[in-house]
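Biologist: I should like to request a close look at a single part of this protein. Please show me the model before we begin.

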Amino acid sequence: MTDVLMVLSLFDILGIITKWLIYIGVGTSLGGFLMILMNARSISKEAGIDATTGTGIGDVSGYMRKGALIGTLAVTMNFFIQVGSFAESGLSGMWDPLMTEILWQSSVGASVSWRITGFVLVLAATFMLVKRTGFALNSALVLLLVAALCLAFSFTLIGHSADMDDLGKWLVAVHVVAIGVWIGSLIPLWSMCGRLEAQPLKGIMELFGKLAIFIVAVVATTGLILLSLLINSPVEFIDTGYGRAILIKIFIISVILAIAALHKFHLVPKLDDKALESGSLAVKVNTISESISEPISNSKQGLAKSIGMLKRSIGVEIFIAGLILTTTAVLSSVLGPQSLA
């Protein structure tokens with residue numbers, strides 16, 4: 001694997017970077033969609049998870065909008081980078097009209113079209129979410145669902161997926177959605193740790209923890225089945241660069257799963273209900289500490305510490321998620337299984 005990385009061309013490196021940015025765009029779109037759904041569910045129960053700050057859906061909309069813009073730009077750049085790579089005439093080859101037409105009419109062009117459509121739908125939905133209830137909210141949710149399908153389908157047209165049968169393609173699509181909603185939810189959750197009222201924070205963390213069990217199960221199941229389709233022999237995990245990169249990715253995913261378990265079984269339960277009856281405690285305790293207007297109770301200090309630990313732990317999870325996306329970008333760009341060689 002090291003040998004392959006050492007001989008990467010400029011187009012290979014640019015391709016990996018833009019793919020990583022595409023994954024960021026897809027992740028923010030899918031993860032933001034999950035956050036919107038969770039908030040809409042709470043609103044329907046007249047207990048908005050972020051209603052206390054009045055910025056819940058608005059913040060997630062902004063997060064998704066930035067991700068969709070990044071994704072759109074990255075998809076466009078990635079396409080012309082592939083044009084340049086195939087033209088083999090340096091950077092000027094990125095604008096080769098003949099190669100542009102050939103690639104646009106191939107599955108690469110189809111994938112670009114589906115991805116751009118998905119990101120545009122996400123952008124449209126985020127502006128509709130200005131109205132946070134009723135017809136506008138429901139219409140936005142429908143748009144986001146269609147966008148998720150477009151983005152997921154785009155991954156079945158290119159890369160290793162293009163050479164797989166229908167089962168493999170659908171597994172890839174489901175795997176992408178599951179990974180996307182999981183990784184894309186982390187930044188909104190991290191942000192909520194410093195902004196949400198304490199009790200809603202515990203509520204959304206518990207709700208996400210329940211959903212995460214299902215998401216992780218889907219990621220693991222689809223991932224294992226895909227490996228069985230791509231890897232002919234366990235020896236390939238040792239003898240091939242693709243196999244070794246897969247092992248690295250599995251190790252990184254194991255680490256992030258351990259952190260998720262730490263959140264669910266240790267950090268979130270420490271957010272005690274009795275101490276969370278009012279106020280964004282992380283902010284409140286800091287304010288109290290600065291003004292020294294009154295002694296800080298041990299319970300509030302402990303709670304603020306718990307929220308801080310949770311936020312830092314999610315921050316580490318975000319960093320590791322970035323490593324997972326990097327590994328995936330390398331795997332899908334310059335390495336491939338022997339079964340598809």
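Biologist: Over residues 20-38, what percentage of the chain is helix and what percentage is strand, and how far apart are the end C-alpha atoms?

Modeller: Please keep in mind that this model is predicted. Over residues 20-38 the chain is 100% helix and 0% strand. The C-alpha atoms at the two ends of this span are 27 Å apart. In the UniProt record, an unreviewed entry, residues 20-38 carry the feature "transmembrane region". The record gives this feature to other spans as well, including residues 68-87, 107-130 and 137-158. Residues 137-158 may be set beside the part you asked about: this span is 82% helix and 0% strand, and its end C-alpha atoms lie 33 Å apart.

The wider setting is helical too, for the protein has 13 helices and zero strands. Of its 341 residues, 48% are buried. The protein exposes about 16,500 Å², and carbon and sulfur atoms supply 68% of that area. If one takes the contacts between residues at least 6 apart in sequence, 77% of them join residues at least 24 apart.

Side chains add further detail to this picture. A pair of aromatic rings is described by the distance of the centres and the angle of the planes. The count of aromatic pairs in this model comes to five. In one of them, the ring centres of Phe80 and Trp95 are 5.3 Å apart and the planes stand at 45°; the pair is therefore tilted, since stacked pairs have planes under 30 degrees apart and edge-to-face pairs over 60. Phe80 lies in helix H3 (residues 56-87), whereas Trp95 lies in the loop between H3 and helix H4 (97-104), so the pair ties together parts that are 15 residues apart in sequence. Phe80 has a relative accessible area of 23% and is partly exposed, while Trp95, at 57% relative accessibility, counts as exposed. Phe80 and Trp95 also belong to one aromatic cluster, together with Phe79 and Trp104.

Two further rings have a charge placed over them. The charged end of Arg65 sits over the ring of Phe127, at 4.4 Å from the ring centre. The charged end of Lys311 sits over the ring of Trp190, and here the distance to the centre is 4.5 Å. To return to your request, residues 20-38 form a span that is 100% helix, in a protein with zero strands.

Technical notes
Residues numbered from 1 in each chain as written. Predicted model: local features only at pLDDT ≥ 70, side-chain atom pairs only at ≥ 80, totals over all residues. Heavy atoms only, no water. Helix = DSSP H or I, 4+ residues; strand = E, 2+ residues; numbered from the N terminus. Buried < 20%, exposed > 50% of the residue type's maximum accessible area, 1.4 Å probe, protein only. Contact = heavy atoms within 4.5 Å. Areas by Shrake-Rupley, 256 points an atom, 1.4 Å probe, with all protein chains shown as cover. Phe/Tyr/Trp six-rings, centres within 6.5 Å; stacked < 30°, edge-to-face > 60°. Lys NZ or Arg CZ within 6 Å of the ring centre and 35° of its normal. UniProt positions renumbered as here; feature names shortened; annotations may be inferred.
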